[in-house]
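Biologist: I'm new to reading structures. Could you walk me through this one and show me the reasoning behind the words you use?

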Amino acid sequence: MQTTWWQSETVYQIYPRSFFDSNGDGIGDIAGITSRLDYLQRLGIGLLWLSPIFKSPMDDNGYDISDYQAIAPEFGSFDDFDELLSEARKRDIGILLDLVVNHTSDEHVWFQEARKSRDNPFRDYYVWRDPTDKGGLPNQLNSDFGGPAWTFESATGQYYFHQFSHRQPDLNWENADMRRDIYGMMNWWLDKGIAGFRMDVIDRIGKQVDEGVTTDGPHLHDYLQEMHRETLAGRDVLTVGEAWSATPGSALLYTGRARNELSMIFQFEHVTQQWDKVYGKWKPKPFDLVGLKSVLGKWQMALSDDGWNSLFWGNHDLPRAVSRYGDAAGFHRESATMLATALHFLKGTPFVYQGEEIGMTNAAFSSIDQYKDIETLNMHRLHVEAGRSSEEFIAGANQNGRDNARTPMQWSAAPNGGFTTGVPWIETNPNFLRINAETEMGDERSIWNHYRRLIELRKRHPIMVHGAFQSYLDQHPKLFVYTRRLGDERIVVMANFSADIVTATLPTELSTQGRTLITNYEPRERLEGNIEMKPYEAFALLEETLVAVADDNKAESALPAELTKALEPQA
Ligand code: TEU
Ligand code: CA
């Protein structure tokens with residue numbers, strides 16, 4: 001079975017602002033990432049996705065780009081970037097950059113020009129509409145960050161369209177000159193040797209505002225196939241498109257092998273399915289495993305023969321996995337390792353979000369003043385203006401707000417978790433004393449070592465990459481049970497998503513014996529009849545075959561001195 005190189009890799013997402021601060025200004029930076037490459041190599045990571053590092057006023061922490069071909073000064077210089085790229089390459093780690101081409105910053109020169117006059121050559125790089133006869137908004141489209149998606153510019157008497165903040169004007173992808181400039185920029189970065197792109201809200205670029213269409217517009221796939229022809233064709237690179245609106249059907253349009261568009265997408269149905277239908281993520285719902293399993297299973301089956309799944313619990317926009325789906329207070333190690341096992345044995349490419357590998361948790365901010373995220377701050381303002389309580393909003397933001405994922409990476413028990421010797425741009429989670437990379441790496445049963453083993457197993461066992469998925473006990477409210485099969489090999493995965501001891505009767509087809517590839521409790525050799533699962537127990541059992549399986553559970557040996565040193569806070 002032919003494996004495309006990125007199908008057996010694991011990607012690690014870095015939010016540069018919060019990863020490691022090398023110069024004490026309280027903001028993570030590119031040199032900080034370079035200083036942590038040994039840590040990432042030891043984890044087994046093959047690819048890094050960097051959230052945007054480009055010049056930006058940082059209204060949306062870099063997802064508002066003012067120069068696609070300049071490094072944000074607070075993150076460093078091109079020399080720093082070139083150093084990162086070459087040091088990563090020495091460790092067989094590729095770099096994916098974050099391509100944000102649905103919109104730019106309002107400080108981008110294109111927008112600065114466009115807003116000067118209606119006949120400026122760059123005017124049509126953006127989406128402008130006249131007010132209605134009564135001077136009102138062109139239509140009722142709203143921004144994801146609250147309020148109308150239209151802002152009026154009196155200088156030229158028109159509104160411009162922005163699906164996010166008013167400082168992130170949407171680009172007009174119907175303009176061929178604009179598309180050509182984007183492709184030129186992409187080739188400029190690709191020629192530097194990056195491994196590919198994560199593509200921000202790529203489902204939005206086909207917008208048709210007069211029809212009220214913001215996602216999956218009629219020309220979306222024409223643009224992506226043109227982009228592929230003009231930039232990606234002939235290059236062995238990885239692309240992953242963020243597509244909150246994706247369905248299994250559209251996923252095949254984006255990622256089908258014959259489509260020549262993207263390698264894979266991030267779909268979010270497993271996330272939004274847990275949101276309130278009216279208030280979205282701001283009114284959390286109780287966790288529903290049966291619903292989650294049905295979505296994960298649907299996506300496994302939909303992309304089983306073509307296309308390719310990304311696998312993730314978290315990213316810089318989502319709450320911390322162990323807080324959202326596990327039990328950070330009661331069974332921290334068990335639930336974090338269970339979540340990792342349940343996800344990494346699925347078919348697709350796993351994405352680990354910075355700090356997930358050490359079980360970082362949500363930050364229990366009590367005041368809106370502790371929050372930094374523009375989405376949260378805007379929504380809080382609208383919530384309070386609508387007469388609802390700040391405390392009620394903060395309870396929701398504490399569970400699902402984006403800042404939960406943006407508190408500084410916790411490297412050690414040093415002040416600020418060893419992230420900075422200065423004052424961090426956002427508060428460090430006080431549990432860094434207990435939850436940090438240094439502690440985790442030294443403990444053979446830690447979350448970190450569990451991730452390291454999972455990543456290693458994927459490289460060693462083609463069944464984890466290519467095996468066919470089949471779920472069992474679909475209606476069980478606490479157990480996620482599935483198998484992967486490749487040829488005469490089969491892996492049985494069982495995960496208890498609860499703090500309870502759960503007894504279940506296994507279907508006869510799951511009665512088997514073999515070797516435990518990984519577990520967060522004691523290894524099992526036989527499965528049959530009634531099985532008792534401990535709180536948040538998860539394991540993967542490879543059915544007995546003639547092929548001896550190397551001991552995958554051997555603990556990581558003591559840390560090499562150079563790595564321990566690498567974790568010490570920099571002067
Ligand atoms: O996110 C797109 C996006 O839709 C999310 O912000 C989502 O709307 C929100 O988190 C759900 O509550 C991408 C980036 O990942 C995000 O960080 C940016 O803020 C956004 O696009 C604009 O670039
Ligand atoms: Ca810094």
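Modeller: Gladly! Keep in mind that this is a predicted model.

Biologist: How are the donor residues of the calcium ion (ligand 2) spaced in sequence?

Modeller: They follow the pattern D-x1-N-x1-D-x1-I-x1-D.

Biologist: What makes Asp21, Asn23, Asp25, Ile27 and Asp29 donors to the calcium ion (ligand 2)?

Modeller: Their coordinating atoms sit at 2.3 to 2.4 Å, and for Ca the cut-off is 3.2 Å, so they count as donors. Ile27 uses its O atom, while Asn23 uses OD1.

Biologist: Why is Asp29 called buried?

Modeller: Its relative accessible area is 3%. Buried means under 20%, so the word fits Asp29.

Biologist: And why is Asp25 called partly exposed?

Modeller: Asp25 has a relative accessible area of 36%. Partly exposed lies between 20% and 50%, so that is the right label for Asp25.

Biologist: Let's turn to ligand 1. How do you know that Asp60 makes a polar contact with ligand 1?

Modeller: An N or O atom in the Asp60 side chain is 2.6 Å from an oxygen atom of ligand 1. The limit is 3.5 Å, so this pair qualifies. Glu375 passes too, at 2.8 Å, as does His103 at 3.0 Å.

Biologist: How much of ligand 1 does the protein bury?

Modeller: Taken alone, ligand 1 exposes 500 Å², and the protein buries 96% of that.

Biologist: Which residues surround ligand 1, by class?

Modeller: The shell has 11 charged, 6 nonpolar and 3 polar residues.

Terms used:
Residues numbered from 1 in each chain as written. Chains lettered and ligands numbered in written order. Predicted model: local features only at pLDDT ≥ 70, side-chain atom pairs only at ≥ 80, totals over all residues. Heavy atoms only, no water. Polar contact = N/O pair within 3.5 Å; in protein donor to acceptor, adjacent residues only side chain to side chain. Areas by Shrake-Rupley, 256 points an atom, 1.4 Å probe, with all protein chains shown as cover. Nonpolar A, V, L, I, M, F, W, Y, C, P; charged D, E, K, R; others polar. Donors = N, O, S within 2.8 Å, 3.2 Å for Na, K, Ca; no water. Buried < 20%, exposed > 50% of the residue type's maximum accessible area, 1.4 Å probe, protein only.
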